[in-house]
Amino acid sequence: MTKIGICSTTFAMYDMATPAINKIKQHQGNITFIETVVPGIKDLPVASKKLIEEEKCDLVMAFGMPGKEKQDKICAHEASTGIIQAQLMTNTHIIEVFVHEDEGKDDKDLKQLAYNRATQHAENVVKMLFKPKLMKKEAGTGIREGRENRGPL
């Protein structure tokens with residue numbers, strides 16, 4: 001049985017976890033999801049680490065939606081740094097799924113971006129855990145999560 005940790009924040013304006021879980025369930029059936037919710041993105045690193053160490057998750061998806069203010073961008077950077085550190089401390093992937101509020105042209109576009117990024121990262125999780133040859137095949141192809149793919153050079 002594979003365990004995937006799901007860590008979301010109350011600060012986010014969209015629930016990215018639900019579409020991600022639903023996407024993973026479409027591809028793979030024998031998975032247990034362990035979910036936790038924290039107030040903000042700076043809480044994601046320790047929550048993710050706890051999912052790995054205490055709940056024995058094989059991989060964690062950390063969902064956050066930083067605001068558009070300068071302070072929000074600083075907090076997002078600090079959270080990313082903490083997530084990287086937690087990965088190194090546990091030798092376990094934590095897939096950071098952040099959607100910055102200023103990435104959207106309007107609320108409808110931001111919601112679509114959040115959905116796309118969450119589900120496309122969920123597909124990456126399936127590849128990483130169960131189909132690594134497919135992930136290798138996509139190396140260097142300029143795939144982006146949430147928006148149009150860039151494509152290879």
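**Exercise 1. Buried face of α2**

Task: In this predicted model, list the buried residues of α2 and say what covers them.

Solution. Step 1: the buried residues of α2 are L44, P45, A47, S48, L51 and I52. Step 2: find their cover. It includes β1, β2, β3, α3 and β4. Step 3: consider the spacing. An α-helix has 3.6 residues a turn, so residues three or four places apart point the same way.

**Exercise 2. Buried face of α1**

Task: Do likewise for α1: which residues are buried, and against what do they pack?

Solution. Step 1: α1 spans residues 17–27. Step 2: its buried residues are A17, P19, A20, I21, K23 and I24. A lysine, K23, is on that list. Step 3: these buried residues pack against β1, β2, β3 and α4.

**Exercise 3. Strand β1 and its partners**

Task: Decide whether β1 is largely enclosed or not, then describe how β1 pairs with β2 and β3.

Solution. Step 1: take the burial count. β1 covers residues 2–9, and seven of these eight residues are buried. The strand is therefore largely enclosed by the rest of the structure. Step 2: pair β1 with β2, residues 31–38. Eight bridges join the two strands, which run parallel. Step 3: fix the register. I6 stands opposite E35 in β2. T9 stands opposite V38 in β2. Step 4: pair β1 with β3, residues 59–64. Here four bridges join the strands, again in parallel. I4 stands opposite L59 in β3.

**Exercise 4. Handedness of the crossover**

Task: Which unit do β1, α1 and β2 make, and is it right-handed or left-handed?

Solution. Step 1: set the elements in chain order. β1 comes with helix α1 and then β2. Step 2: name the unit. Together they make a β-α-β unit. Step 3: assign the hand. The unit is right-handed.

**Exercise 5. The surroundings of H100**

Task: Place H100, classify its exposure and find its contacts.

Solution. Step 1: H100 lies in the loop between β4 (94–98) and α4. Step 2: its relative accessibility is 22%. Buried would need under 20%, so H100 counts as partly exposed. Step 3: leave out residues up to four places away in sequence. H100 then touches P66, A76 and L110. Step 4: add a C-alpha distance. H100 and A114 are 14 residues apart in sequence and 9.1 Å apart in space.

**Exercise 6. K73 and K108**

Task: Locate K73 and K108, and classify the exposure of each.

Solution. Step 1: K73 is in helix α3, residues 70–90. Step 2: its relative accessible area is 36%, so K73 is partly exposed. Step 3: K73 touches K68 and D102, with residues up to four places away in sequence left out. Step 4: relate K73 to H100. The two are 27 residues apart in sequence and 8.3 Å apart in space, C-alpha to C-alpha. Step 5: turn to K108, which sits in helix α4. Its relative accessible area is 72%, so K108 is exposed. Step 6: K108 and P66 are 42 residues apart along the chain, and their C-alpha atoms are separated by 17 Å.

**Exercise 7. Positive phi outside glycine**

Task: Where are K56 and N91, what are their phi values, and are they buried or exposed?

Solution. Step 1: take K56. Its phi is near 60 degrees, a positive value in a residue other than glycine. Step 2: K56 lies in the loop between α2 (44–53) and β3. Its relative accessibility is 57%, so K56 counts as exposed. Step 3: take N91. Its phi is positive too, about 55 degrees, although N91 is not a glycine. Step 4: N91 lies in the loop between α3 and β4. At 72% relative accessibility, N91 counts as exposed.

**Exercise 8. The largest pocket**

Task: Give the volume of the largest pocket, its lining and the classes of the lining residues.

Solution. Step 1: the largest pocket holds about 180 Å³ of space. Step 2: list the lining. The residues are Q120, E123, N124, K127, M135, E138, A139, T141, I143, R144, E145 and N149. Step 3: sort them by class. Three are nonpolar, four polar and five charged. Step 4: trace the main contributor. Helix α4, residues 107–130, gives four residues, the largest share of the lining.

Conventions. Residues are numbered from 1 along each chain as its sequence is written. This is a predicted model: local features need pLDDT of at least 70, side-chain atom pairs count only at pLDDT 80 or more; totals for chains, interfaces and linings use all residues. Side-chain values use heavy atoms; hydrogens and water are left out. On a 1 Å grid over the protein atoms alone, a cavity is a set of points where a 1.4 Å probe fits but cannot get out, and a pocket is an open set with protein on both sides within 12 Å along at least five of seven lines; lining residues have an atom within 4 Å of a point. Grid points are joined across faces, edges and corners, and a volume is the space filled by probe spheres set on the points. Ala, Val, Leu, Ile, Met, Phe, Trp, Tyr, Cys and Pro count as nonpolar, Asp, Glu, Lys and Arg as charged, and the others, Gly among them, as polar. Buried means under 20% relative accessible area, exposed over 50%, partly exposed in between (1.4 Å probe, protein chains only). Two strands pair if DSSP finds at least two bridges between them. A crossover is right-handed if, with the strands pointing away from the viewer, the path from the first strand over the helix to the second runs clockwise. Contact means heavy atoms within 4.5 Å.
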